[in-house]
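This briefing covers a ligand site and one residue of the protein. Please look at the ligand first, then at the strand.

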Amino acid sequence: MEYKNIMFGVEGSIATVTFNRPEVLNALNEETMQELGSAMSECKQDGTVRVVILTGIGDKAFIAGADINEFVGKSPAMIMGFAELGHNVVRIMETMGKPIVAAVNGYALGGGLEISMACDMRFASDKARFGQPEILLGLIPGMGGTQRLSRLVGIGLARELIMSGEQIPAQRAYEIGLVNRVFPAEQLMEETKKFAQRLAGLPPFALRMAKHAINYGYDLALENANSLELQCFSQCWSTEDLKEGVAAFLEKRKGTFTGK
Ligand code: COA
């Protein structure tokens, strides 16, 4: 697919998607969502990609939500189609078996926050701002925000953010567990890439099993979730990387992991 609204590149084993509609603060139109879905499928299928970074162009916005220009004249069925597309894309992200890190460089509002929440981790610039402002338009989040925000920060704070539509700064997002790390704006990409590089050197199958156990186990009863963990844990035992990891530890050297 040819990308017009995002930039997509793979450097070594790290793929980077950069939302690239600065004139509307990287707001998500339908075409951008389709491109993101296509890029995520490419990342899932490409064996050389081990880690994915999502970020926004410039220093003002990660994504300022859905493109409100596209709301005009849309029927309920059309808007449902758009929201379904969004749900499908974040589903690809959550099931791709590779870590995705959001480098939140500015506003992460509405669908922007929702996309960042479908990533495995969120690193933020100290200038970033977070919120679910849909209520101010007479809407509610439509790409999983009502569910993922509660799961990340607890139902009380999720209610506050979704019902008030208020924005919070990066430091507050960090304090409530919405963001993993905060960096000065000019260091965000460098630090995110450094971290992605670390992840890229880890055993891919174990990372996949970790993501699988965490994401699929989260909504199960504890006993079933633990059973899922047991299966994922045991599957790691059949890999070459497990042998390499153990040998490297015993030989006091750094392991080299091939994904086998
Ligand atoms: N959809 C469409 N266009 C958007 C947009 C969105 N979600 N968010 C920003 N833009 C556009 C603005 O209309 C403006 O375009 P213009 O230059 O042609 O007037 C441009 O991006 C810059 O935004 P502006 O509002 O001038 O910047 P700001 O710094 O004053 O405010 C925000 C930034 C993010 C607080 C403000 O743009 C905003 O509230 N955006 C909407 C957020 C939202 O409700 N998202 C959820 C949608 S469901």
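A polar backbone atom of Ala66 sits 2.8 Å from a nitrogen atom of the ligand. The protein covers 57% of the ligand's accessible area, which is 850 Å² for the ligand on its own. The model is a predicted one.

**Polar contacts of the ligand**
- Ala64 also places a backbone N or O atom 2.9 Å from a ligand nitrogen atom.
- For Glu23, the partner is an oxygen atom of the ligand, and the distance from a backbone N or O atom is 3.5 Å.

**The shell around the ligand**
- The ligand has 18 residues around it.
- Those that come nearest are Lys60, Ala64, Ala66, Asp67 and Ile68.
- Sorted by class, the shell holds eleven nonpolar, three polar and four charged residues.

**Val101 and its surroundings**
- Val101 belongs to strand S5, which spans residues 100-104.
- Is Val101 buried or exposed? Val101 is buried, because its relative accessible area is 0%, under the 20% cut-off.
- Beyond its neighbours within four places in sequence, Val101 is in contact with Val52, Ile53 and Leu54.
- The list of contacts also includes Met121, Phe123, Thr192, Phe195 and Leu199.
- Asn88 lies 13 residues from Val101 along the chain, and 19 Å separate the C-alpha atoms of the two.

Key. Residues numbered from 1 in each chain as written. Predicted model: local features only at pLDDT ≥ 70, side-chain atom pairs only at ≥ 80, totals over all residues. Heavy atoms only, no water. Helix = DSSP H or I, 4+ residues; strand = E, 2+ residues; numbered from the N terminus. Buried < 20%, exposed > 50% of the residue type's maximum accessible area, 1.4 Å probe, protein only. Contact = heavy atoms within 4.5 Å. Near = heavy atom within 4 Å. Polar contact = N/O pair within 3.5 Å; in protein donor to acceptor, adjacent residues only side chain to side chain. Areas by Shrake-Rupley, 256 points an atom, 1.4 Å probe, with all protein chains shown as cover. Nonpolar A, V, L, I, M, F, W, Y, C, P; charged D, E, K, R; others polar.
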